[in-house]
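Student: I should like a close look at a single part of this structure, together with whatever surrounds it. Could you choose a place to begin and lead me from there to one helix, explaining each step?

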Amino acid sequence: MHWPKLYQMVPTQPANKMNEETVLKYMKLLQKEGDECCRPTVVLLKMRAVAHCDIVYFILDGHHKLMAMQRLVEKQKTEASSSKTFIT
């Protein structure tokens, strides 16, 4: 997954406007392996504050896609941590 160097991302759509069905649809698309043409795209606007050299990305389109990606990453982390066996 590509992520813009972990810079701050600012949504331009309120969280209460997220549609659960749309998020689930994008989760399924992202899970398809080898299907590059169907991968959802996110449109970001990069802004740099000259005085502080801070970089911020505004999410113009793709709020549902990012939510789907975040959920899949969390799911992978959970599955990875639960599959570890500890020897005491």
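Tutor: Let us begin with one residue of this predicted model. Leu60 has a relative accessible area of 47%, so this residue counts as partly exposed: buried residues lie under 20% and exposed ones over 50%. Leu60 belongs to strand E3, which covers residues 54–61. Together with Val43, Leu45 and Met47, Leu60 makes a nonpolar surface patch of about 330 Å². Strand E2 (residues 43–49) gives the most to this patch, with three residues.

From here we can place the helix in the whole chain. The protein chain has two helices and three strands, and their order from the N terminus is β-α-β-β-α. The part that I propose to examine is helix H2, residues 63–83.

Consider its length. Helix H2 has 21 residues, and at 1.5 Å a residue these should span 30 Å; the C-alpha atoms at its ends are 30 Å apart, so the expected and computed values agree.

Consider next what is hidden. Which residues of H2 are buried? They are His63, His64, Lys65, Leu66, Ala68, Met69 and Leu72. Their cover includes strand E1 (8–11), helix H1 (20–31) and strand E3. Leu66, Ala68, Met69 and Leu72 also belong to the largest nonpolar core, which has twelve residues in all. The other members of that core are Met9, Val23, Tyr26, Met27, Leu30, Ile55, Tyr57 and Ile59. H1, E3 and H2 are the elements that supply two or more residues each to the core. For the protein chain of 88 residues, the share that counts as buried is 22%.

The charged side chains of H2 deserve separate attention. Side chains of opposite charge can pair when their charged atoms come close. The structure holds three salt bridges, and each can be described in turn.

In one of them, the side chain of Arg71 meets that of Glu20, with 2.7 Å from N to O. This pair links distant parts of the chain, since Glu20 is in helix H1 and Arg71 is in helix H2, 51 residues apart. Arg71 is partly exposed because its relative accessible area is 30%, and Glu20 is likewise placed in the partly exposed class, at 42%.

Another salt bridge joins Lys65 and Asp61, at 3.8 Å from N to O. Here the two partners fall into separate classes: Lys65, at 14% relative accessibility, counts as buried, whereas Asp61, at 42%, counts as partly exposed.

The remaining bridge joins Glu74 and Lys77, again at 3.8 Å from N to O. Why are these residues separated by about one helical turn? Glu74 and Lys77 are three residues apart in helix H2, and this spacing corresponds to about one turn. An α-helix has 3.6 residues a turn, so residues three or four places apart point the same way. Glu74 itself is partly exposed, because its relative accessibility is 45%.

Finally, two values for the chain as a whole set this helix in context. Among contacts between residues at least 6 apart in sequence, 62% join residues at least 24 apart. The chain exposes about 7100 Å², and carbon and sulfur atoms supply 56% of that area.

Methods: Residues numbered from 1 in each chain as written. Predicted model: local features only at pLDDT ≥ 70, side-chain atom pairs only at ≥ 80, totals over all residues. Heavy atoms only, no water. Patch = residues over 30% accessible without salt bridge, like charges linked within 9 Å, V, L, I, M, F, W, Y side chains within 5 Å. Areas by Shrake-Rupley, 256 points an atom, 1.4 Å probe, with all protein chains shown as cover. Salt bridge = Lys/Arg side-chain N within 4 Å of Asp/Glu carboxyl O. Helix = DSSP H or I, 4+ residues; strand = E, 2+ residues; numbered from the N terminus. Buried < 20%, exposed > 50% of the residue type's maximum accessible area, 1.4 Å probe, protein only. Expected span 1.5 Å × (residues − 1). Contact = heavy atoms within 4.5 Å. Core = buried A, V, L, I, M, F, W, Y, C linked by side-chain atoms within 4.5 Å.
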